[in-house]
Amino acid sequence: MLSALLIAMLTAITVWWLLIQRLKDKPWMKQGVLPTRQETVTSSAPKVGLWVFLAVVSSLFGLFASAYMMRVAGHGGLAIWQPLDEPNILWLNTLVLVLASGSMQVARNRIDADDFRGGRSYFLAAGLLTVVFIAGQMLAWQQARSSGNLGPGSPAYAFFVLLTAVHGLHLFGGLFVLTRTTARIFRVDANNVVARSRIRTSVQLCTTYWHWLLLIWLGVFALLLST
Amino acid sequence: MAYVAIADRDHHLHDPTTWIEKYVWSQDHKVIAIQYGSVAIGVGLVALVLSLLMRLQIGFPDTFSFITPYNYYQFVTMHGMIMVIYLLTALFLGGFGNYLIPLMCGARDMVFPYMNMLSFWVYLVSVIVLLASFFVPGGPTGGGWTLYPPQTVLEGTPGHDYGILLMLLSLAIFIVAFTMGGLNYVTTVLQARCRGMTLMRMPLSVWGIFVATILGLLAFPALLVAAIMMILDRTIGTSFFMPALLSLGELNGTSGGSPILFQHLFWFFGHPEVYIVALPAFGIVSDLLSTHARKNIFGYRMMVWAIVAIGALSFIVWAHHMYVSGMNPYFGFFFATTTLIIAIPTAIKVYNWVLTLWRGDIQLNIPNLFAIGFIFTFVHGGLTGLFLGNVTVDLPLSDTYFVIGHFHMVMGVSPVMVLFGAIYHWFPKITGKMPNELLGRFHFWMTFLGTYAIYLPMHYIGILGMPRRYYAYGSTDFIPSSAHEINQAITIAAIVVATAQVIFLINVFYSLRKGKQAPDNPWGATTLEWQTPQTPPVHGNWGPKLPVVYRWAYDYSVPGEPKDFIPQNEPPKGHHSLASS
């Protein structure tokens, strides 16, 4: 519950900060054309949209984490928490995801510099590494179930699968966009400026999304290890 | 470099050509808004019928044999869930949000039109899944709209096998739809405002919907978390919420779960949810009052601050729904304090609405009647909320009809007053026709007086101690026969008010076909949606050039001006419009 409170307060502060600059205006006094932010800052609706979506995703994981921490604390129940021994493959999976993020960042840097040929194999590699990660997570479930210290009915196991599954589902959803973008990168005409610009934006968005999901995974992993 | 609006940069405006593209798979925000509105009102009528069935049972027990205790709790649950989420949230945000945001911000459409279209169809799927629960074995869930475990997933509660699963699935699908829509509303407000439209020149309708959307995007995940965990508890036997339970002398296999955890998650969503319904209503009613009193909204900046403050504070009051759950009394103290604090910006808004009307040139047309009716009913509901917000006073009132009276007044009556006011107000713009005056006024007075007749007596029987969510009361000493008579009167009032809503529907359909042709700006409003070249606005909204905004949204009765209103896109004296250059 404390973390839910924290999220709420952080959110409140963020919203407040974003708006505070504007709420000092006296709109009834000023007439005429005022510069709006769009004139002074190059903005991109898809980027703003993605950040809003990432706020939603973070809220979701924050709440799952709160529920988990409440359960660990034995809130409202008499059961004593029995921690799960996390399968070691999770460390390998984490490395794979870091590599995926890294590969995607390299791809982004190259595609930003208009080097589509150089960037596309890194982009594809990021996708493949993500598939390996998801497969690794499923292997981890199997390992925890068969050779773990707790039975599948235990809450620690249930939360382990739940948290990793929700994270994996988000990555899986991202793979749809990544696949489409990869296809476009490989097919794009060198002279089609508009299409290349669109692909660039798509790659930037994918990279942001992947980095954010890596951060979330690190948070989830740390939470699981510490309880 | 010449300024090019975001909405003008993308030349691939999804111009529809076929009938299907224009009215079914439409990416136009106006069509999507009407689609949302129609489905929301349609499913709301289902919920209205359910409420009548409930009232028939409570008013006249032992009379209607087709209403069993099993059915009754299903009606209670489905009525509540449909009204709060599938009607109010969908209509305010999906309906009015979609229609008004691009128009009031001077944009051609939402920034993600394809996702906007998807959000409606996913919403429709969620409604179909919800209504499908009427047709599965066991019927819909009867656990109350709050769906508390463990009862809701245990034998003894209606719909514990399939109904609850469909309910939870439907909510999850709705949350996906809402997220898609919400991304649109937030990003459009932040990115696609036309030139000159600063945040502080936006009408309060947009502010209300904008902040409500942010609340929804952050609060609905809590419901999703709760729903996923409850689905797992129900299907694969996990114990997220299920404590160790004995059923007929045997352990049922679950252990260690916490029902209180569900309550925390549910109300962390549930309280912001009521503000998701209320804030758009606050914003819209400000515009209605201002336009129809020919006076600028009193204290525009404070109104914006209050909307933002209410939104932020709404995340730290949730456990005032849990005073009787057995939690630590110090939590109750904390949440009672924050609940009283949130009353302050809300009260400021009420004062400002009244002060807007003060010495205004009040036009008593139908939208204004509903707007003033909102003030009455919201104050009533808000005052009873102050009682319930205090822990010790809430202890005897919790789960009584006092609570039902309170939340219907603040959520059922006052926002619905705003909805009706808004529909009558924007009807000329959306349809090009004027609504019928006589039918509209009749509808208003029946609804306004009728809802008082329904909900005012509930406060009395609540204080008496009459509990809610009871199928029948039998004859007990503490409930006198006068309370039963009050219930009969409430039921009759409910039937009358429900019938009056048929008058509203008749008005809508009659005026659509035979209504007087509406002028472009019948109310003399300043906001941008009334300044479109065509009425109703066509695809693309603004013609070849986007509007340019020169002033705030409330230049009504400006001293020294010939007209009693100045549209937002009218340039200051001596300047020609930049939109034509």
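## Confidence in the model

Chain B of this predicted model has a mean pLDDT of 93, where pLDDT is the predictor's confidence in each residue, from 0 to 100, and 97% of the residues of chain B reach 70 or more. For chain A the mean pLDDT is 84, and 80% of its residues reach 70 or more. For the complex as a whole, the predictor gives an ipTM of 0.90 and a pTM of 0.94.

Confidence varies along the chains. Among the elements of chain A, the highest mean pLDDT, 95, belongs to helix 4 and the lowest, 44, to helix 2 (residues 37-40). Over residues 37-42 of chain A, pLDDT stays under 50, and the model has six contacts beyond four places in sequence for this stretch, two residues being in contact if their C-beta atoms, placed from the backbone, lie within 7 Å. Residues 1-5 of chain B also have pLDDT under 50 throughout, with six contacts beyond four places in sequence. Where pLDDT is low, the predicted coordinates should not be read in detail.

## Conventions

Residues are numbered from 1 along each chain as its sequence is written, while chains are lettered from A and ligands numbered from 1 in the order in which they are written. Because this is a predicted model, local features need pLDDT of at least 70 and side-chain atom pairs count only at pLDDT 80 or more, whereas totals for chains, interfaces and linings use all residues.

## Overall build of chain B

Chain B contains 15 helices and two strands, where helices (H or I, at least four residues) and strands (E, at least two) are DSSP runs numbered from the N terminus. Its radius of gyration is 24 Å, close to the 25 Å that the globule rule gives for 581 residues, so chain B is as compact as a globular protein of that length; the radius is taken over C-alpha atoms, and the rule is 2.2 Å times the number of residues to the power 0.38. Along its principal axes, the C-alpha trace of chain B spans about 85 × 50 × 50 Å.

Of the 581 residues of chain B, 56% count as buried, a residue being buried if 20 or more other C-beta atoms lie within 10 Å of its own, exposed if 12 or fewer, and partly exposed in between, with C-beta atoms placed from the backbone. Among the contacts in chain B with a separation of 6 or more, 80% are between residues 24 or more positions apart.

## Two helices of chain B

Helix 6 of chain B has 29 residues, which at 1.5 Å a residue should span 42 Å, and its end C-alpha atoms are 42 Å apart, which agrees; the expected span is 1.5 Å times one less than the number of residues. Since 25 of these 29 residues are buried, helix 6 of chain B is largely enclosed by the rest of the structure.

Helix 10 of chain B (residues 329-357) also has 29 residues, with an expected span of 42 Å that agrees with the 42 Å between its end C-alpha atoms. Its buried residues include Gly332(B), Phe335(B), Lys349(B) and Trp353(B), and the buried residues of this helix pack against helix 8 (259-292), helix 9 (300-313), helix 11 (366-389) and helix 12 of chain B. Helix 10 is followed by Arg359(B), whose phi is positive, near 60 degrees.

## Backbone details in the loops of chain B

The peptide bond from Pro149(B) to Pro150(B) is cis, with omega near -5 degrees, and Pro150(B) lies in the loop between helix 5 (113-132) and helix 6 (163-191). A cis peptide bond with omega near -5 degrees also runs from Thr535(B) to Pro536(B), and Pro536(B) lies in the segment after helix 15 (481-514).

Asp62(B), in the loop between helix 3 (29-59) and helix 4 (69-105) of chain B, has a positive phi of about 60 degrees although it is not a glycine, and with 8 C-beta neighbours inside 10 Å it counts as exposed. Asp399(B), in the loop between helix 12 (391-397) and helix 13 (401-431), likewise has a positive phi, near 60 degrees, but is partly exposed, with 15 other C-beta atoms within 10 Å.

## Chain A and Arg108(A)

Chain A has seven helices and zero strands, and 35% of its 227 residues count as buried. Arg108(A) is found in helix 4 (residues 89-112) of chain A and counts as buried, with 23 C-beta neighbours inside 10 Å. Leaving aside neighbours within four places in sequence, Arg108(A) is in contact with Val203(A), Gln204(A) and Thr207(A).
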